[in-house]
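Here are a few exercises on backbone oddities, each with a worked solution. Have a go before you read on.

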Amino acid sequence: AFILPIEKDPTTLQYSTSIDMGTPPLTLDLVIDIRERFLWFECGNDYNSSTYYPVRCGTKKCKKAKGTACITCTNHPLKTGCTNNTCGVDPFNPFGEFFVSGDVGEDILSSLHSTSGARAPSTLHVPRFVSTCVYPDKFGVEGFLQGLAKGKKGVLGLARTAISLPTQLAAKYNLEPKFALCLPSTSKYNKLGDLFVGGGPYYLPPHDASKFLSYTPILTNPQSTGPIFDADPSSEYFIDVKSIKLDGKIVNVNTSLLSIDRQGNGGCKLSTVVPYTKFHTSIYQPLVNDFVKQAALRKIKRVTSVAPFGACFDSRTIGKTVTGPNVPTIDLVLKGGVQWRIYGANSMVKVSKNVLCLGFVDGGLEPGSPIATSIVIGGYQMEDNLLEFDLVSSKLGFSSSLLLHNASCSHFRVVWLFHFTIIQQSLIHLVMTDE
């Protein structure tokens, strides 16, 4: 299996990882988006790889990538990522909420750290990895990276498609078609989370966290939910929420909103680019009202709300536990009877010295979107939770808060392994030189 470190940007709250692409290798810092269908990046003048192969129009590989156009290199000299008769797809910027055509190509992807066996991890090269790049201003579109965290060069897509990173690696290396996310809850230097590709075990000191997982089905929304709307079912990750509980009591919401209707509306999906979970107004208001009532019974003092949150409290009136602020717990009751419990560390957001806010937002009806999802679980609620996405069995494994087990997704392990590899390679070099 493989592992990539995940860091959290303190300003944008985006999660990202780094890979190398091409020969010579170009380091790309990429924002992680489980909605996006493939890996895309901006390929400027610094990307001039000798191992790049454009995917031509009409080929089997183009069809596999679901190419949407045959594009040429317009108003620019031919170069890596800017060629004629090339398969084109539509990379989507989830923060600027726009897309353009990008060239589909194959190149060497590297800087993945192997976790197999007891050996130290090594940097591997993935030949002929399919991705897409957008040449700056190629179509007169400026600022395609608008909204991405500073220094980020594109997006790493993890959706259920034939050319997403997990699918390609599983096929090339005969791995389990799975990936797992452990999003960090801090932006401190060298406090990193993990993206596992290819299955467990998932070593999160001091445990193999796979033993903490409960499972629920991943649903397929029969309607396309974008960002490019077509005739195919959605490639996003939906789960079946049956009800919502607050301190063990069911919140009175319109349960029809929890199901996906024939038009693809409703239901619950996961997102790594939405910072805080969004609820349809008819779910959000009852949940906030019940939370405020339960907080009052605990003598937690409410204060003026701070946008975008609807309920905020004086942190000096809230106790502390191993799972964060001592506030009412929220349970998502899922198909199969399992419950994803959200503790204070994932429900309360510190907005100032003495103010904590309930970290959910009113999602309204997603104005402008043809498909309106009732619940979008955001990154903050996933932090310090291990989530395993099984692409064949269509199951989501979830741990709830790892803090219960004295574990976390914010640790030094990945950095330590990386430096261990460098030390090992240096020692081998010294021995060989001495001989």
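**Exercise 1.** Find the loop that holds Pro201, then work out the geometry of the peptide bond that joins Gly200 and Pro201.

Start with the flanking elements: Pro201 sits in the loop between strand E14 (193-197) and strand E15 (203-204). Strands here are DSSP runs of E with at least two residues, helices are runs of H or I with at least four, and both are numbered from the N terminus. Next, check omega: about 5° for Gly200 to Pro201, a cis bond.

A word on the model: it is predicted, local features need pLDDT of at least 70, side-chain atom pairs count only at pLDDT 80 or more, and totals for chains, interfaces and linings use all residues. Residues are numbered from 1 along each chain as its sequence is written, and side-chain values use heavy atoms, leaving out hydrogens and water.

**Exercise 2.** Do the same for Pro308.

Pro308 belongs to the loop between strand E23 (302-303) and strand E24 (312-314). Omega from Ala307 to Pro308 is near 10°, so this bond is cis too. For background, most peptide bonds are trans, and most residues other than glycine have a negative phi.

**Exercise 3.** Is Lys66 buried or exposed? And what about Asp384, buried or exposed?

Take Lys66 to begin with: its phi is positive, about 55°, though it is not a glycine. Lys66 lies in the loop between helix H1 (60-64) and strand E6 (69-71). Its relative accessibility is 53%, so Lys66 is exposed; the cut-offs are under 20% relative accessible area for buried, over 50% for exposed and partly exposed in between, with a 1.4 Å probe and protein chains only.

Now Asp384, where phi is also positive, near 55°. Its loop runs between helix H5 (379-382) and strand E33 (385-390). With a relative accessible area of 7%, Asp384 is buried.
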